[in-house]
Amino acid sequence: MNIPFLDSWRKRHHLDPPAAPPAAAFDRAPDGMAELFAECELLRTRAAEAGVVLDDTPRSLQELDQLPPRWRDDPEELPWFGNDAGLYLGTVIVRDVPAARWQMRPGGGPVVRLASGREIQVVEAGLDWAMTGAPQLSQVYAEAAEY
(Lines give C-alpha, C1' and ligand atoms only; values in the text may rest on other atoms or scores of the structure.)
Protein backbone atom coordinates (compact mmCIF):
# COMPACT_ATOMS: atom_id res chain seq x y z
CA MET A 1 0.00 0.00 0.00
CA ASN A 2 1.37 3.40 -0.97
CA ILE A 3 0.76 6.08 1.65
CA PRO A 4 2.70 9.19 0.66
CA PHE A 5 2.80 10.91 4.04
CA LEU A 6 4.32 7.79 5.67
CA ASP A 7 7.12 7.73 3.12
CA SER A 8 8.00 11.30 4.00
CA TRP A 9 7.83 10.53 7.72
CA ARG A 10 10.10 7.47 7.36
CA LYS A 11 12.72 9.49 5.50
CA ARG A 12 12.81 12.07 8.29
CA HIS A 13 12.93 9.53 11.14
CA HIS A 14 15.28 6.93 9.69
CA LEU A 15 13.47 3.79 10.76
CA ASP A 16 16.16 1.51 9.47
CA PRO A 17 17.60 -0.61 12.29
CA PRO A 18 21.12 0.35 13.29
CA ALA A 19 23.86 -1.90 12.01
CA ALA A 20 25.61 -4.15 14.50
CA PRO A 21 28.80 -2.58 15.80
CA PRO A 22 31.99 -3.96 14.31
CA ALA A 23 34.18 -6.11 16.53
CA ALA A 24 36.63 -3.22 16.84
CA ALA A 25 33.93 -1.20 18.63
CA PHE A 26 34.35 -3.47 21.64
CA ASP A 27 37.97 -2.35 21.90
CA ARG A 28 36.77 1.20 22.44
CA ALA A 29 34.32 0.27 25.21
CA PRO A 30 35.85 -2.59 27.20
CA ASP A 31 34.50 -1.54 30.61
CA GLY A 32 30.94 -2.73 30.11
CA MET A 33 32.14 -5.92 28.53
CA ALA A 34 34.64 -6.53 31.33
CA GLU A 35 31.91 -6.13 33.95
CA LEU A 36 29.68 -8.57 32.12
CA PHE A 37 32.42 -11.17 31.76
CA ALA A 38 33.45 -10.79 35.42
CA GLU A 39 30.04 -11.90 36.72
CA CYS A 40 30.69 -15.68 36.36
CA GLU A 41 27.74 -16.38 38.64
CA LEU A 42 27.87 -20.19 38.58
CA LEU A 43 31.62 -20.31 39.21
CA ARG A 44 31.39 -17.75 42.01
CA THR A 45 28.53 -19.67 43.65
CA ARG A 46 30.33 -23.04 43.53
CA ALA A 47 33.59 -21.48 44.71
CA ALA A 48 31.85 -19.79 47.65
CA GLU A 49 30.23 -23.12 48.58
CA ALA A 50 33.74 -24.61 48.71
CA GLY A 51 35.05 -21.70 50.81
CA VAL A 52 37.07 -20.09 47.99
CA VAL A 53 36.86 -16.33 47.66
CA LEU A 54 37.15 -15.14 44.07
CA ASP A 55 38.74 -11.74 44.48
CA ASP A 56 40.02 -11.45 40.89
CA THR A 57 43.63 -12.17 41.87
CA PRO A 58 46.08 -14.77 40.57
CA ARG A 59 45.98 -16.41 44.01
CA SER A 60 42.28 -17.18 43.53
CA LEU A 61 43.14 -19.05 40.32
CA GLN A 62 45.49 -21.26 42.32
CA GLU A 63 42.71 -21.93 44.81
CA LEU A 64 40.32 -22.87 42.00
CA ASP A 65 42.92 -25.29 40.64
CA GLN A 66 42.86 -27.09 44.01
CA LEU A 67 39.10 -27.65 44.13
CA PRO A 68 37.84 -31.22 43.80
CA PRO A 69 36.17 -31.39 40.36
CA ARG A 70 32.61 -32.07 41.57
CA TRP A 71 31.22 -30.11 38.62
CA ARG A 72 32.17 -33.03 36.38
CA ASP A 73 29.40 -35.07 38.00
CA ASP A 74 26.78 -32.90 36.29
CA PRO A 75 27.10 -33.04 32.49
CA GLU A 76 24.60 -30.19 32.10
CA GLU A 77 26.50 -27.88 34.45
CA LEU A 78 29.99 -28.76 33.20
CA PRO A 79 30.05 -26.54 30.06
CA TRP A 80 28.57 -23.58 31.94
CA PHE A 81 31.07 -24.00 34.73
CA GLY A 82 33.94 -24.23 32.24
CA ASN A 83 32.71 -21.14 30.39
CA ASP A 84 32.57 -19.20 33.66
CA ALA A 85 36.05 -20.45 34.60
CA GLY A 86 37.39 -19.14 31.29
CA LEU A 87 35.71 -15.77 31.70
CA TYR A 88 37.04 -15.53 35.24
CA LEU A 89 40.54 -16.41 34.03
CA GLY A 90 40.25 -13.64 31.44
CA THR A 91 39.03 -11.21 34.09
CA VAL A 92 42.07 -11.89 36.26
CA ILE A 93 44.44 -11.54 33.30
CA VAL A 94 42.87 -8.27 32.12
CA ARG A 95 42.95 -6.80 35.61
CA ASP A 96 46.47 -7.89 36.53
CA VAL A 97 48.56 -8.14 33.36
CA PRO A 98 49.61 -4.74 31.99
CA ALA A 99 47.98 -3.80 28.67
CA ALA A 100 45.89 -6.99 28.49
CA ARG A 101 42.38 -6.34 27.19
CA TRP A 102 39.24 -8.11 26.13
CA GLN A 103 38.56 -8.40 22.45
CA MET A 104 35.69 -9.95 20.54
CA ARG A 105 36.63 -12.04 17.54
CA PRO A 106 34.40 -11.48 14.51
CA GLY A 107 31.80 -14.24 14.55
CA GLY A 108 33.35 -15.71 17.67
CA GLY A 109 33.70 -15.30 21.36
CA PRO A 110 35.81 -13.21 23.67
CA VAL A 111 39.56 -13.55 23.83
CA VAL A 112 42.20 -11.72 25.84
CA ARG A 113 44.77 -9.85 23.78
CA LEU A 114 48.13 -9.23 25.39
CA ALA A 115 50.43 -6.28 24.69
CA SER A 116 52.57 -8.59 22.53
CA GLY A 117 49.57 -9.22 20.26
CA ARG A 118 49.14 -12.78 21.44
CA GLU A 119 45.52 -13.84 21.91
CA ILE A 120 44.52 -16.17 24.71
CA GLN A 121 41.42 -18.27 24.12
CA VAL A 122 40.32 -18.05 27.75
CA VAL A 123 36.92 -19.68 27.32
CA GLU A 124 38.49 -22.71 25.65
CA ALA A 125 41.13 -22.86 28.41
CA GLY A 126 38.37 -22.74 31.03
CA LEU A 127 36.43 -25.51 29.33
CA ASP A 128 39.54 -27.69 29.05
CA TRP A 129 40.31 -27.09 32.72
CA ALA A 130 36.76 -27.93 33.79
CA MET A 131 36.71 -31.15 31.75
CA THR A 132 40.23 -32.46 32.30
CA GLY A 133 41.99 -30.29 34.88
CA ALA A 134 44.61 -29.17 32.39
CA PRO A 135 45.94 -26.69 31.74
CA GLN A 136 45.57 -25.29 35.21
CA LEU A 137 44.08 -21.80 35.33
CA SER A 138 47.07 -20.50 37.28
CA GLN A 139 49.40 -21.90 34.61
CA VAL A 140 47.56 -20.07 31.82
CA TYR A 141 47.75 -16.88 33.89
CA ALA A 142 51.51 -17.34 34.49
CA GLU A 143 52.11 -17.77 30.76
CA ALA A 144 50.09 -14.63 30.01
CA ALA A 145 52.01 -12.65 32.63
CA GLU A 146 55.31 -13.59 30.94
CA TYR A 147 54.37 -11.95 27.63
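Select Arg46 to begin: this residue is partly exposed, with a relative accessible area of 30%, where buried means under 20% relative accessible area, exposed over 50% and partly exposed in between, using a 1.4 Å probe and protein chains only. The model is a predicted one, in which local features need pLDDT of at least 70 and side-chain atom pairs count only at pLDDT 80 or more, while totals for chains, interfaces and linings use all residues. Residues are numbered from 1 along each chain as its sequence is written, and side-chain values use heavy atoms, with hydrogens and water left out.

Keep Arg46 on screen and add Glu77, whose side chain meets that of Arg46 in a salt bridge at 2.7 Å, N to O; the term stands for a side-chain nitrogen of Lys or Arg within 4 Å of a carboxyl oxygen of Asp or Glu. Glu77 lies in the loop between α5 and α6 and Arg46 in helix α4, so the pair ties together parts that are 31 residues apart in sequence (helices are DSSP runs of H or I with at least four residues, strands are runs of E with at least two, and both are numbered from the N terminus). Glu77 is buried, with a relative accessible area of 14%.

Next, add Glu49, which forms a salt bridge with Arg46 at 3.4 Å, N to O. These two are three residues apart in helix α4, and so are separated by about one helical turn; Glu49 counts as exposed, at 58% relative accessibility.

Now select Arg44 and Asp56, a salt bridge in which the closest N and O atoms are 3.0 Å apart. Arg44 sits in helix α4 and Asp56 in the loop between α4 and α5, 12 residues apart. Arg44 is partly exposed at 24% relative accessible area, whereas Asp56 is buried at 13%. In total, the structure holds eight salt bridges.

For the interior, select Leu64, which together with Leu89 and Ile93 has the most contacts inside the largest nonpolar core, a group of 37 residues. Such a core is a set of buried Ala, Val, Leu, Ile, Met, Phe, Trp, Tyr and Cys residues joined through side-chain atoms within 4.5 Å. Helix α6 gives the most to this core, with eight residues. Not counting residues up to four places away in sequence, Leu64 touches Leu43, Ala47, Leu54, Tyr88, Trp129 and Leu137, contact meaning heavy atoms within 4.5 Å.
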